[in-house]
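Okay, thanks everyone, I'll keep this short. Let me put the structure up, and then we'll go through some charge pairs.

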Amino acid sequence: MSQNETAVARYNAWLNDPLIDEATKAELRGLAGDDKEITDRFYRDLEFGTGGLRGVMGAGTNRLNAYTVGKATQGLANWLLAGAKGGAPSAVIAHDSRNLSPEFALDSALVLAANGVKTYLFPSLRPTPQLSFAVRSLGASTGIVITASHNPPEYNGYKAYGSDGCQLIPEDAEQVIASIQQIDGFDEVKRMSREEAESQGLLVWLGAEADEQFVDTVVAQSLNGELLKSGLGDKFKVVFTPLHGTGNLPVREVLRKAGFNNVHVVAEQEQPDGYFSTVKSPNPEEREAFTLAIKLAQETGADIIVGTDPDADRMGAVVKNNEGEYVVLTGNQSGALMVHYVLSQLKERGQLPNNGVVIKTIVTSEMGADIARSYGAAVENTLTGFKYIGEKMTAYEASGERSFLFGYEESYGYLTGTYARDKDAIVAALLICEAAAYYSSQGKTLYDVLLELYEQHGVYLEGLESRTLKGLDGVQQIAAIMDDWRNAPPADVNGVKVERALDYLEGLDGLRPENVLKFMLADGSWFCLRPSGTEPKIKVYFAVRGQSTEQAADALAKLRTAVMERVDRNG
């Protein structure tokens, strides 16, 4: 049966299923005659990628809705119960500010409760890293976050976590997927009423104590609290935007407790809004998201701007350059600055362990790695996705072989401390503000420090291009692009020899096989092609190292142009 025929059969099955509500059926009837839309909604089931289950909300097997969320949760429950070794499993659930996130979170809790899984549920929106922390602090078996991170408003998602507070690694995710696939119909999805779940102690609402514990743990990662509380925290000006998401209260409380008393919040973006109505995309990787924050910073004379995405696991920072203009730091630049700050402060205090490790992903700049090694720390590379960094952390915690210092990825995800196993925009906001305040006490800006690091380690510049290719046609286009580069790797790019072509589908460097290609050039530059695990797009990463900003920028532009010309010919 072709994919189109499979999709039509599934479409009709939903229309005829007595368990599907009338509103959903009405939405489906409205698609009659639109074969392309029907195929896109039903040709497959949503799959777990680097960020779990994520998709456009709506009716269909390839959409996020009450039925696909319920089925996923039943599959997760079956997996938990099959692997339970004495005692009853438990879960923690959190959600972000997106439309239908509260409903999906409660429904997931009631499915778990109906399966005898005691579930702790946050009563309103909470950051993803707090969920990771709560799983660990409560000793839960699993965790769920309803979020689509920084995706557009029409998306939502479902992240599943293991007992260590880390997103499910591929082996566990594959077992959950297999468990989901064994569910034949929605009649196999168990549900319990809220009243019954509460009365039986299977649904427990988390309160202020859980929030305080998380905030205090994040504040404990501060390295210069005394300096801030000696008066610097009153002078140093911060502008903060939560971009309508979960970061608003926790970031402000953490900064306050750490000693920052001059924090200005972007009022237009302070409140939760599932439509993210003031931005094109609630993504702190994009300068446009900081338009209102930069305006407020100019009015207040702010020293730094920080922004967090909807589920507060990604943090972006904006600092003043030598001309006094506000510039958005890249994820690689912020990561390198924080690696330098954390390791230098630990060394100054005599607290830098001799077995310390910094963990980053294969598409992250080597600048932070060079800085880490200059302090005697080891550097580990992982595949893209913070779950792989979390997995390494858990392994080192068990073995004692390494002491975790810092983990980060170029896509604005950072973590210091071992209280969580996911990237944390709250601790990142604290650290970047604290670093900026510390250097300001020495008469420097973060931009000045970045230039100093360039002088010491070379000018590292990176870039990212992405092509969004939606639907079944998009899947085929992305596959064609990867096949083209895999089957005919270039001998050179712009006359620069390609020294190594790395195909991670072969499982290189002890990493799991993944559909990623990385090309290392003779001049020290590299580029990498990777289909996104959470969105219908292919991402192309670029990195160069030069002796000056001008030379590096020129090399980056030429590399980007040459590679994307070939990508677009096949896309």
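So, salt bridges to start with: the count here comes to 34. Keep in mind that this is a predicted model.

Let me begin with one of them, Arg 10 and Asp 45, whose side chains meet with N to O at 3.2 Å. Where do the two partners sit? Arg 10 is in helix 1, residues 3–16, while Asp 45 is in the loop between helix 3 (35–42) and strand 1 (48–49), so this bridge ties together parts that are 35 residues apart in sequence. As for exposure, Arg 10 has 27% relative accessibility, which makes it partly exposed, and Asp 45, at 30%, counts as partly exposed too.

Next, helix 3 itself. Glu 37 bridges to Arg 41, with the closest N and O atoms 2.8 Å apart. These two are four residues apart in helix 3, so about one helical turn separates them. Buried or partly exposed, then? Take Glu 37 and Arg 41. Glu 37 comes out at 23% relative accessibility, so we call that one partly exposed. Arg 41 is at 10%, and therefore counts as buried.

Now further along the chain: Lys 423 and Glu 409 form a salt bridge, their closest N and O atoms lying 3.5 Å apart. Lys 423 belongs to the loop between strand 16 (413–415) and helix 16 (425–440), and Glu 409 to strand 15 (residues 403–409), so here the pair ties together parts 14 residues apart in sequence. Both Lys 423 and Glu 409 are buried.

And back to Glu 37 and Arg 41 for a second: through shared partners, salt bridges join Glu 27, Glu 37, Asp 40, Arg 41 and Arg 63 into one network.

Zooming out to charge overall, there are 54 positive and 77 negative side chains, and the centres of the two sets lie 2 Å apart.

Last bit, the whole fold. The protein has 19 helices and 22 strands, and the C-alpha trace spans about 70 × 60 × 50 Å along its principal axes. For 571 residues, a compact globule would have a radius of gyration near 25 Å; this one has 24 Å, so that agrees. Buried residues make up 59% of the 571. If you take contacts with a separation of 6 or more, 70% of them are between residues 24 or more positions apart. And the accessible surface is about 22200 Å², with 48% of that belonging to carbon and sulfur atoms.

That's it from me, happy to rotate the view if anyone wants.

Key. Residues are numbered from 1 along each chain as its sequence is written. This is a predicted model: local features need pLDDT of at least 70, side-chain atom pairs count only at pLDDT 80 or more; totals for chains, interfaces and linings use all residues. Side-chain values use heavy atoms; hydrogens and water are left out. The radius of gyration is taken over C-alpha atoms; the globule rule is 2.2 Å times the number of residues to the power 0.38. Buried means under 20% relative accessible area, exposed over 50%, partly exposed in between (1.4 Å probe, protein chains only). Contact means heavy atoms within 4.5 Å. Accessible areas come from the Shrake-Rupley method with a 1.4 Å probe; for residues, only the protein chains shown count as cover. Lys and Arg count as positive and Asp and Glu as negative; His and the chain ends are not counted. The place of a charge is taken as NZ of Lys, CZ of Arg, CG of Asp or CD of Glu. A salt bridge is a side-chain nitrogen of Lys or Arg within 4 Å of a carboxyl oxygen of Asp or Glu.
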